[in-house]
Structures are given as C-alpha cells and as structure tokens.
Amino acid sequence: MKSLRFALVHFLLLCVSVAHGQQVKSPNQFLPHRVGDKFTPHHMMNDYFVYLANATPATMTLVRYGLTNEDRPLQIAIISS
C-alpha cells in the first residue's frame, strides 16, 4: 500500500510539473521526513496537495467533496493540461 501511494504521489508530481513547466517540490522535499520512512498523517498529505494546487493553478484543482467523521477534508485532485 505504501509503494502504491508513493508511486501515485510521484506520478501526480510528474504530471503537474511537466504540464505546468515549472519545478515544484517533491514529497520528500516538502514533508519533514522521506516518504515511506514514517507514517505520514492526513493533514501533512493534505497540505502537500494544497501546495501542489497553489503552485500549479492552471493544471491542478482540488475539489472538496466532504469531511471524515473527524472533520478532515476529503478531496479529489483534478489534473489537466
């Protein structure tokens, strides 16, 4: 599961950076630890996706579709060229 999540985040990063033509931070540069070394809490992953959406507004949009029962945001990342 970790490797799938890791691959998905890196694929997302690649799509966003190629489509937008700018350098954005990788998850390992953004987070305080390397992906896979420790558990990454929901709020840190959410912060990274917000960072990506703000860094590439022309190609990525976050759509909030609800909340968890602990009031954490549930979001979909929409990426286009």
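**Exercise 1. Which strands each supply at least two residues of the nonpolar patch?**

Before you start, note that this is a predicted model, in which local features need pLDDT of at least 70, side-chain atom pairs count only at pLDDT 80 or more, and totals for chains, interfaces and linings use all residues. Residues are numbered from 1 along each chain as its sequence is written, and side-chain values use heavy atoms, with hydrogens and water left out.

*Solution.*
- Step 1: Find the members. Val63, Tyr65, Ile76 and Ile78 make a nonpolar surface patch of about 370 Å². Patch residues have over 30% relative accessible area and no salt bridge; like charges are joined within 9 Å, nonpolar side chains (Val, Leu, Ile, Met, Phe, Trp, Tyr) within 5 Å. Areas come from the Shrake-Rupley method with a 1.4 Å probe, and for residues only the protein chains shown count as cover.
- Step 2: Place them. At least two patch residues come from each of β1 (60-67) and β2 (73-79). Strands are DSSP runs of E, at least two residues, and helices are runs of H or I, at least four, numbered from the N terminus.
- Step 3: Look at one member. Tyr65 lies in strand β1 and counts as exposed because its relative accessibility is 52%. The classes are buried under 20%, exposed over 50%, and partly exposed in between (1.4 Å probe, protein chains only).

**Exercise 2. Find the salt bridge and describe its two partners.**

*Solution.*
- Step 1: Search. The whole structure yields one salt bridge, defined as a side-chain nitrogen of Lys or Arg within 4 Å of a carboxyl oxygen of Asp or Glu.
- Step 2: Name the partners. Arg72 and Glu70 join through their side chains, at 3.1 Å from N to O.
- Step 3: Check their exposure. Arg72 is partly exposed at 39% relative accessibility, while Glu70 is exposed at 54%.

**Exercise 3. Trace the aromatic cluster, beginning at Phe30.**

*Solution.*
- Step 1: Count the pairs. There are four aromatic pairs in the whole structure. Rings of Phe, Tyr and Trp (its six-membered ring) pair if their centres lie within 6.5 Å; planes under 30 degrees apart are stacked, over 60 edge-to-face, and the rest tilted.
- Step 2: Take Phe30 and Tyr48. Their pair is tilted, with 5.2 Å centre to centre and 55° between the planes. It links distant parts of the chain, 18 residues apart: Phe30 in helix α2 (residues 27-30) and Tyr48 in helix α3 (residues 42-55).
- Step 3: Compare burial. Phe30 is partly exposed at 28% relative accessible area, whereas Tyr48 is buried at 1%.
- Step 4: Move on to Phe49. Tyr48 and Phe49 pair edge-to-face, 6.3 Å centre to centre with 80° between the planes; both residues are buried.
- Step 5: Assemble the cluster. Ring pairs connect Phe30, Tyr48, Phe49 and Tyr51.
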